[in-house]
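Here is a guided walk through one structure, taken element by element. Have the sequence and the model open beside the text as you read.

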Amino acid sequence: MTQIEIIPCKVCGDKSSGVHYGVITCEGCKGFFRRSQSSVVNYQCPRNKQCVVDRVNRNRCQYCRLQKCLKLGMSRDGE
Ligand SMILES: [Zn+2]
Ligand SMILES: [Zn+2]
């Protein structure tokens, strides 16, 4: 547990805060994923579904951010 702070978020590369929903993520991505699961969401990608998801751009496209979360194996049952 002492080293977990320096592990980057698997989704966006920001400083992670531990394992959330089965994947090491930051608080931002944890909250994002929780919101995406708790309500009816229908994200659309305004581009070609290949948006860069990193610390700077993670809020630009919710669709691609969620896809990346899912691809990494994040699951509502993981926490
Ligand atoms: Zn993140
Ligand atoms: Zn996108």
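Helix α2 is followed by Gly 73, whose phi is positive, near 100°. Please keep in mind throughout that this is a predicted model.

**Helix α2 and the core**

Let us stay with α2 for a moment. Its buried residues are Tyr 63, Cys 64, Arg 65, Leu 66 and Cys 69. Among the parts that cover these buried residues of α2 is α1. An α-helix has 3.6 residues a turn, so residues three or four places apart point the same way.

The largest nonpolar core has 19 residues, and the members that touch the most others are Val 11, Cys 64 and Met 74. At least two residues of this core come from each of α1 and α2, and α2 gives the most, with 4 residues. In soluble globular proteins, nonpolar side chains tend to be buried together.

Which residues does Val 11 contact, leaving aside its neighbours within four places in sequence? They are Thr 25, Cys 29, Val 53, Arg 65, Lys 68, Cys 69, Leu 72 and Met 74. Of these contacts of Val 11, Arg 65 and Cys 69 are also on the list of buried residues of α2.

**Two zinc sites**

The model holds a zinc ion as ligand 1 and another as ligand 2. The table sets out the two sites.

| Zinc ion | Protein donors | Distance | Spacing along the chain | Angles |
|---|---|---|---|---|
| Ligand 1 | Cys 9 (SG), Cys 12 (SG), Cys 26 (SG), Cys 29 (SG) | 2.3 Å | C-x2-C-x13-C-x2-C | 104 to 116° |
| Ligand 2 | Cys 45 (SG), Cys 51 (SG), Cys 61 (SG), Cys 64 (SG) | 2.2 to 2.3 Å | C-x5-C-x9-C-x2-C | 106 to 115° |

What arrangement do the 4 donor atoms around ligand 1 make? Their angles of 104 to 116° make the arrangement tetrahedral. The 4 donor atoms around ligand 2 subtend angles of 106 to 115°, so that arrangement is tetrahedral as well.

At the ligand 2 site, Cys 45 and Cys 64 link distant parts of the chain: Cys 45 is in the loop between α1 (27-38) and α2 (62-71), while Cys 64 is in helix α2, 19 residues apart. Cys 45 counts as buried because its relative accessibility is 15%, and Cys 64 counts as buried at 5%. Cys 64 is thus a zinc donor and also one of the core members named above.

At the ligand 1 site, Cys 26 is buried at 3% relative accessibility, and Cys 29 is buried at 0%.

**Aromatic pairs**

How many aromatic pairs does a search of the whole structure find? It finds 2. One joins Tyr 21 and Phe 33: the ring centres are 5.1 Å apart with 55° between the planes, and the pair is tilted. Tyr 21 lies in the loop between β1 (19-20) and β2 (23-24) and Phe 33 in helix α1, so this pair ties together parts that are 12 residues apart in sequence. Tyr 21 is buried, with a relative accessible area of 9%, and Phe 33 is buried at 1%.

Phe 32 and Tyr 43 have ring centres 5.8 Å apart and planes at 20°, so their pair is stacked. Here too distant parts of the chain are linked, with Phe 32 in helix α1 and Tyr 43 in the loop between α1 and α2, 11 residues apart. Phe 32 counts as buried at 2% relative accessibility, and Tyr 43 at 16%.

**Two polar residues to look at**

Arg 58 sits in the loop between α1 and α2. Is Arg 58 buried or exposed? Arg 58 is buried, because its relative accessible area is 15% and buried means under 20%. Its side chain makes a polar contact of 3.1 Å with the side chain of Asp 14. Not counting residues up to four places away in sequence, Arg 58 touches Cys 12, Asp 14, Cys 26, Val 53 and Arg 65. Cys 12 and Cys 26 are donors of the zinc ion that is ligand 1.

Ser 17, in the segment before β1, is partly exposed, with a relative accessible area of 33%. Its side chain is joined to that of Glu 27 by a polar contact of 2.8 Å. With residues up to four places away in sequence left out, Ser 17 touches Thr 25, Cys 26 and Glu 27. The C-alpha atoms of Ser 17 and Lys 30 are separated by 9.1 Å, and these residues are 13 apart along the chain.

Definitions and conventions: Residues are numbered from 1 along each chain as its sequence is written. Chains are lettered from A and ligands numbered from 1 in the order in which they are written. This is a predicted model: local features need pLDDT of at least 70, side-chain atom pairs count only at pLDDT 80 or more; totals for chains, interfaces and linings use all residues. Side-chain values use heavy atoms; hydrogens and water are left out. Donors are N, O and S atoms within 2.8 Å of the metal (3.2 Å for Na, K and Ca); water is not among the atoms, so sites may look incomplete. Four donors count as tetrahedral if all angles lie between 85 and 135 degrees; four count as square planar and six as octahedral if opposite donors are over 155 degrees apart and all others between 65 and 115; anything else is irregular. Buried means under 20% relative accessible area, exposed over 50%, partly exposed in between (1.4 Å probe, protein chains only). Contact means heavy atoms within 4.5 Å. Rings of Phe, Tyr and Trp (its six-membered ring) pair if their centres lie within 6.5 Å; planes under 30 degrees apart count as stacked, over 60 as edge-to-face and the rest as tilted. A polar contact is a pair of N or O atoms within 3.5 Å; within protein, one must be able to donate a hydrogen and the other to accept it, and residues adjacent in sequence count only if both atoms are side-chain atoms. A nonpolar core is a set of buried Ala, Val, Leu, Ile, Met, Phe, Trp, Tyr and Cys residues joined through side-chain atoms within 4.5 Å.
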